[in-house]
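The following exercises concern salt bridges and the solvent exposure of the residues that form them. Each task is followed by a worked solution.

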Amino acid sequence: GQKGFRELQGDALRQSLGGILNTMESVVSVLGGRLEEARCQFPRLFYLPDHDIIRVLSHRGCPLTLIPLISRVFPSVVSVRFTEVMPSSSPAQHMGSSSADEGFQITGVEGSKGEP
């Protein structure tokens, strides 16, 4: 209503926006560091823009949506085969494991000259 509108004027608005800007800069800095770590661990990621790396790192679900990114990093790859990895049934096996261990695993890659 009107009360909320009046509270966000002048210095109050400036302070609020300043706080939001500081938070955004902090998030961007941390994200940039994480992207740099990923690129250092896998140098071919230097060929991808930040938004594509974020898409790869946060991907869940059908891996077929990543094929265009795979072909940008590995231009000679024409097809990739995946196998679904089922989560382990033992609670002891889940301890210390991340959800990244579950999902899909690459089981085959074919190059442009037909090589496996």
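A residue counts as exposed when its relative accessible area is over 50%, as buried when that area is under 20%, and as partly exposed in between. The model examined here is predicted.

**Exercise 1.** Determine how many salt bridges a search of the whole structure finds.

*Solution.* The criterion is a side-chain nitrogen of Lys or Arg within 4 Å of a carboxyl oxygen of Asp or Glu. The search returns three salt bridges.

**Exercise 2.** Characterise the pair Arg14 and Asp11.

*Solution.* Step one: the closest N and O atoms of Arg14 and Asp11 are 2.7 Å apart, and the two residues form a salt bridge. Step two: both residues belong to helix α2 (residues 10-41), and because they are three residues apart, about one helical turn separates them. Step three: Arg14 and Asp11 are each exposed.

**Exercise 3.** State which parts the salt bridge between Asp50 and Arg39 ties together.

*Solution.* Step one: the closest N and O atoms of this salt bridge lie 2.8 Å apart. Step two: Asp50 is in helix α3 (residues 50-57) and Arg39 in helix α2, so the pair links parts 11 residues apart in sequence. Step three: Asp50, at 39% relative accessible area, is partly exposed, whereas Arg39, at 10%, is buried.

**Exercise 4.** Classify Asp52 as buried or exposed, and locate the salt-bridge partner of Asp52.

*Solution.* Step one: Asp52 has a relative accessible area of 4%; because this is under 20%, Asp52 is buried. Step two: the side chain of Asp52 meets that of Arg72 in a salt bridge, with an N to O distance of 2.6 Å. Step three: Arg72 lies in helix α4 (residues 67-73) and Asp52 in helix α3, so parts 20 residues apart in sequence are tied together. Step four: Arg72 is partly exposed, with a relative accessible area of 44%.

Key:
Residues are numbered from 1 along each chain as its sequence is written. This is a predicted model: local features need pLDDT of at least 70, side-chain atom pairs count only at pLDDT 80 or more; totals for chains, interfaces and linings use all residues. Side-chain values use heavy atoms; hydrogens and water are left out. Helices (H or I, at least four residues) and strands (E, at least two) are DSSP runs, numbered from the N terminus. Buried means under 20% relative accessible area, exposed over 50%, partly exposed in between (1.4 Å probe, protein chains only).
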